[in-house]
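Biologist: Could you take a close look at one part of this model for me, and then follow what surrounds it and what else can be read from the fold? I would like the reasoning spelled out wherever a residue is called buried or a bond is ruled out.

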Amino acid sequence: MMKDVLLKVEGLHKRFGLTHANNDITMSVHKGEIRGLAGENGSGKSTLTSIISGLQPKDEGDMYLHGKSYNPGTPIQANEMKVAMVVQELGVITNFTGAMNIYLGKMDQFKKFGLIDTKKILAEAQAIFDYWDIGSVPLDQPTANLTMEQRKMIELARALSTNPDLLILDEITQSLSHDTRQIIHRLKDRFKKENKSMIIISHDLDETMDICDSITVLRDGKVVNTVATENMTLDDLKQMMIGREIEGDYYRVDQVSSREDEVLLDIINLGTKDRHLHDINFKLHKGEIVGVCGLSDAGIHTLGTCIYGLQEDRVGQVVDVKRNINMNHPLDVINGKGAYLSKNRDEEGLMLQASIYDNFYTPSATSLAGPFWFTKPADIKKYVQRGYDDFDVKAKGIHQTISNLSGGNKQKINLGRWLVKDLNFVVLDCPTRGVDIGVKSYIYKELLALKSQGVGILLISDELQEVIGMSDRILVLKDGELVSEMHREEVFSESKIVEVMI
């Protein structure tokens, strides 16, 4: 017997200029159902969920919630009707505490004699974390002091504070470590048990197949099909998403590690003064991909910022062996033909209010300059256009503002602006976060091409399959310490890695 329909969408359209982002979308989500939304970047997934959650209005069509007409004008109106969403990009005010961020727009209930009772906000916020069993975050701290993962859990708590009947998660798991992702699995089980529903967008297709009861596939703004996960394979899903057949994996097929003898980077006793990271020692060779993984508190992302020189309390050395210098600042890395890709692209990577052109050009400004530091505008345009085309950025052109792009297209630019350079080594922190399978495949091919050219690659990732699939060596961190090193010819095992991580 078919379960009761919670949400019904009929003939929904949304246009942005000439772009028909949602074209005659019709779908239903039933009570107690976990529905996946899949599709390439630009297929219309985030547009659809933003309309459902009240972030923007539809142009045409109808929506029904519990059988009644549903047309929220704002996210707060959607919350009042028990619909909540966690968006892909970070949505916190960094100078507010975690607790205050949970109650953004709803703090009047905590006012007493015109003043906000911060102790009561903190207690209520902690109660949400406890009730939903979503881990532990220092809610009394400004979110500027918290990790990207902790901020994302605060956004999740904000959505759960409405006790939603429908919870929408847009790429939330891409920001979470292996252990924290288990929270989403527990949450999914609880929602099903309580006859509540979820809509999940994730470019991790294995995870989508594992979590969801059914998947709606979008392509070019239209619904291709909705299929129960038990009735499809991963290859079926890929084919529906991109309109052509893709078989097998897009990772490396060889099972033997390879590298050149030349050492590019020598990491010596690297760490932080608070010992969140401590005594890290390893060498990165020419033409080698070294993967780095660990649980949420392992320090893997801190390792990237330490190597790039962003950690003010860094101790130890990052030696550029070719130049025989200790690199202390980002400019040292850039001058050594190095690059760093931050996991937090919006705050530490891209210039959101600048154009695609400016974002692509800026990291290469000095290398493109000619005599007297003059660069021909035509040369810059040609350089930017090559990166734009190679990474298949979906935009109006190279002069479009970054902030107006989808998360996947932002990531293409974030990575592409480095990979078009002449490099000796790269430090990549979650390079495929928020991109579809087509772009993932392209990125992996680019990494293998860089490896064949002798570039050393440090691949930091929360995706174990990504690390296993691409690395010559894997470094496992636990509690800020390097606890294991594994080589490709040993045949990497996810269960073995997890056992060491825990």
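Modeller: Gln126 sits in helix 4, which spans residues 118-132, and what follows is read from a predicted model. Gln126 counts as partly exposed, because its relative accessibility is 30%, and a residue is called buried only under 20% and exposed only over 50%. Pro138 lies 12 residues from Gln126 in sequence, and the C-alpha atoms of the two are 9.2 Å apart in space.

Further along the chain, the loop between helix 4 and helix 5 holds Thr143. In contrast to the partly exposed Gln126, Thr143 is buried, because its relative accessibility is 0%. If neighbours within four places in sequence are set aside, the contacts of Thr143 include Val92, Ile93, Thr94, Phe96, Thr97, Gly98 and Asn101, and Arg151 and Ile154 are also in contact with Thr143.

The loop leads to helix 5, and here the packing of helices can be described. Two packed helices are characterised by the angle between their axes and by the distance between those axes. For helix 5 (residues 148-160) and helix 6 (residues 181-193), the axes come within 13 Å and cross at roughly 10°. Because angles under 35 degrees count as roughly parallel, helix 5 is roughly parallel to helix 6. On the side of helix 5 the contact involves Met153, Leu156 and Leu160, and these meet Ile183, Ile184, Leu187 and Phe191 of helix 6. Sorted by character, the residues of this contact are seven nonpolar, with no polar and no charged residues.

A separate element is an open sheet of four strands, which has the order 2-1-4-5 and antiparallel pairing. Its edges are strand 2 (19-30) and strand 5 (68-69), each of which pairs on one side only. Strand 5 is joined to strand 4 (residues 60-65) by two bridges in the antiparallel sense, and within this pairing Tyr64 has Ser69 of strand 5 as its bridge partner. Helix 1 (residues 45-52) packs on the sheet, where it touches strand 1 (5-16), strand 2 and strand 4, and the direction of helix 1 makes about 120° with that of strand 1.

Later in the sequence, strand 15 is largely enclosed by the rest of the structure, because six of its six residues are buried. Ile289, Gly291 and Cys293 point one way from strand 15, while Val290, Val292 and Gly294 point the other way, and all are buried. Strand 15 runs parallel to strand 20 (residues 456-460), to which four bridges join it, and one of the pairs is that of Val290 with Leu458 in strand 20. Strand 15 (residues 289-294) also pairs with strand 21, in the parallel sense and over five bridges; here Cys293 has Val476 as its bridge partner, and Gly294 stands opposite Leu477.

Strand 21 (residues 473-478) is mostly covered, with five of its six residues buried. Strand 21 pairs in addition with strand 22 (residues 481-487), in the antiparallel sense and over six bridges, and in this pairing Ile474 stands opposite Met486. Strand 21 and strand 22 form a hairpin with two residues between the strands, and in this hairpin Asp479 takes a positive phi near 55°.

There remains the matter of the cysteines, for which a disulfide requires two sulfur atoms within 2.5 Å. The count by this rule is zero disulfides. Cys293 is buried, because its relative accessibility is 1%, yet its sulfur has no partner, because the closest cysteine sulfur, in Cys430, is 11 Å away and thus too far for a bond. Cys306 is likewise in no disulfide, and for Cys306 the nearest cysteine sulfur is that of Cys430, 16 Å away. Cys306 counts as buried because its relative accessible area is 0%.

Methods. Residues numbered from 1 in each chain as written. Predicted model: local features only at pLDDT ≥ 70, side-chain atom pairs only at ≥ 80, totals over all residues. Heavy atoms only, no water. Buried < 20%, exposed > 50% of the residue type's maximum accessible area, 1.4 Å probe, protein only. Pairing = 2+ DSSP bridges. Axes fitted to C-alpha atoms, helices over the stretch in contact; angles between N-to-C directions. Parallel < 35°, antiparallel > 145°, perpendicular 65-115°, else oblique. Contact = heavy atoms within 4.5 Å. Nonpolar A, V, L, I, M, F, W, Y, C, P; charged D, E, K, R; others polar.
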